[in-house]
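Let's practise reading a protein model together, one small exercise at a time. Keep the sequence and the 3D view open while you work.

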Amino acid sequence: MSSKHLSTKSLLELLDLFERSRQPLADVDGQVLRGVPGWDLSRITSMPPKARDAWLERVGYAGSFPAPCRDEHVPVELEEDDDPARYRYRCPESFRLRFVDAVDVAVYAVRPAILLGTVADLLDIPQAIRKGIESPAIDGVLWHLGKARIGLAHTEVWFVRGLAQSVDDVFRHLHSPTLPDQGLILTSGQPLPEFIRPPRNYRFAAVGDVLVDYVPTPTVDVDLLHRTLATPADGTLRPVLPVHFDEYTHTLTIRSKSNRPWVIKGERQAAAVRYMYEQAVNDRWLLSAGEILAAAYSDKKAARSQRMQNLFSGNIHWEDYIDNPEKGKYRFRLD
């Protein structure tokens, strides 16, 4: 089943199941299984069993079961029965032999390749560069989905499960010098807590948080992903503004002319526009030329441009994006 035949609600439930599929459970022989027991499935997902089966695999049977006892449930040991369709246990209340259907004590795990392939589909990642889905970077924890176009840039995208339990291993992997300095890490659980600084220029986002919640079929809010990538390392998500500056690609996008983004070539020019954008985030839109030029030449006190026209000399389009409403004052041209 592809994302085209999946509802947003069902995908959110599958992501929850995928996250929970790392929980350990012992079988009747004491071997560790990782997955979700059948008695929990109906509580976690409303998907009908037939639709659910396309996404799940049975990895074994639990060795214990929460049996009803008065007004609560008590864990009891399970034993195999002569009838393979059921397991037996001693009632904790009457000590009589009781039976439970095998399907209710079966342990299920979401198939990683199918779910991660669906997430890759939502990001339009080409099939040819999805090799990391079949070969996890950290077994059962971290997968490289490939490169996705987010804004004007192609960004490396990873997927992590059980981040809270594996954060040290994930960070260690992302610090590898063989990996690019930046990328997007999607999670099936909670994103990185705000008080933890992400490694290098990597940014984290929960898939559940970046799905558009008001449409019936799964759709990713790419603009939100774009803003997440541009978020400072302190985790403060920048607000939605009529203008956006991508500090990695040095691209200015004004919503009223989003079909004509401005890719800024010079480092000084990019520093000036970055400063104007940072001030706009703080609701300071009209700035003096001197303030902007000081930011562009923060490392130089002499031999620097004294006028905005000099700073942007050679760039014939800058006045399409930057307005000069009064002498010595500049702001973004939003119309």
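The exercises below go through rings, a helix and two sheets in this predicted model.

**Exercise 1. Classify the ring pair of Trp-39 and Phe-65, and say where the two residues lie.**

Solution.
- Step 1: A pair of aromatic rings is described by the distance of the centres and the angle of the planes.
- Step 2: The ring centres of Trp-39 and Phe-65 are 5.6 Å apart, and the planes meet at 85 degrees.
- Step 3: Planes over 60 degrees apart count as edge-to-face, so the pair of Trp-39 and Phe-65 is edge-to-face.
- Step 4: Trp-39 belongs to helix 2 (residues 38–44) and Phe-65 to strand 5 (residues 64–69), so the pair ties together parts that are 26 residues apart in sequence.
- Step 5: Trp-39, at 25% relative accessibility, is partly exposed, while Phe-65, at 12%, is buried.

**Exercise 2. Describe the pair of Trp-318 and Tyr-330 in the same way.**

Solution.
- Step 1: Here the distance is 6.4 Å centre to centre, with 40 degrees between the planes, and the pair is tilted.
- Step 2: Trp-318 is in helix 13 (residues 318–321) and Tyr-330 in strand 20 (residues 329–332), twelve residues apart.
- Step 3: Both Trp-318 and Tyr-330 are buried.
- Step 4: Now widen the view: Trp-318 and Tyr-330 form one aromatic cluster with Trp-262, Phe-312 and Tyr-321.

**Exercise 3. Which charged residues sit over the rings of Phe-99 and Phe-18?**

Solution.
- Step 1: Look above Phe-99, where the charged end of Arg-86 sits 3.7 Å from the ring centre.
- Step 2: Move to Phe-18, whose face has Arg-161 over it, at 4.2 Å from the ring centre.

**Exercise 4. Is helix 9 mostly covered or mostly open, and what surrounds it?**

Solution.
- Step 1: Helix 9 spans residues 222–229, and six of its eight residues are buried, so "mostly covered" is the right choice.
- Step 2: The buried ones are Leu-224, Leu-225, His-226, Arg-227, Thr-228 and Leu-229.
- Step 3: These buried residues pack against several elements, among them strand 12 (153–160), strand 13 (182–187) and helix 8 (207–210).
- Step 4: At the N-terminal end of helix 9, Asp-221 acts as a cap, with a side-chain oxygen 3.3 Å from the backbone nitrogen of Asp-223.

**Exercise 5. Trace the open sheet of three strands and find its edges.**

Solution.
- Step 1: The strand order is 3-10-4, and the pairing is antiparallel.
- Step 2: Strand 3 (36–37) and strand 4 (56–61) are the edges, since each pairs on one side only.
- Step 3: Strand 4 is joined to strand 10 (residues 106–110) by five bridges, and Gly-60 has Val-107 as its bridge partner.
- Step 4: Helix 1 (residues 8–20) lies across strand 3, strand 4 and strand 10, at about 115 degrees to strand 10.

**Exercise 6. Do the same for the open sheet of four strands.**

Solution.
- Step 1: Its order is 11-12-13-14, with mixed pairing.
- Step 2: Strand 11 and strand 14 each have a single partner strand, so one side of each is left without a neighbour in the sheet.
- Step 3: On average, neighbouring strands here are turned by 30 degrees against each other, direction ignored.
- Step 4: Strand 11 and strand 12 run antiparallel and are joined by eight bridges; Ile-150 stands opposite Ala-153 in strand 12.
- Step 5: Helix 5 (residues 112–122) lies across strand 11, strand 12 and strand 13, at about 15 degrees to strand 11.

Notes. Residues numbered from 1 in each chain as written. Predicted model: local features only at pLDDT ≥ 70, side-chain atom pairs only at ≥ 80, totals over all residues. Heavy atoms only, no water. Phe/Tyr/Trp six-rings, centres within 6.5 Å; stacked < 30°, edge-to-face > 60°. Buried < 20%, exposed > 50% of the residue type's maximum accessible area, 1.4 Å probe, protein only. Lys NZ or Arg CZ within 6 Å of the ring centre and 35° of its normal. Contact = heavy atoms within 4.5 Å. Polar contact = N/O pair within 3.5 Å; in protein donor to acceptor, adjacent residues only side chain to side chain. Pairing = 2+ DSSP bridges. Axes fitted to C-alpha atoms, helices over the stretch in contact; angles between N-to-C directions.
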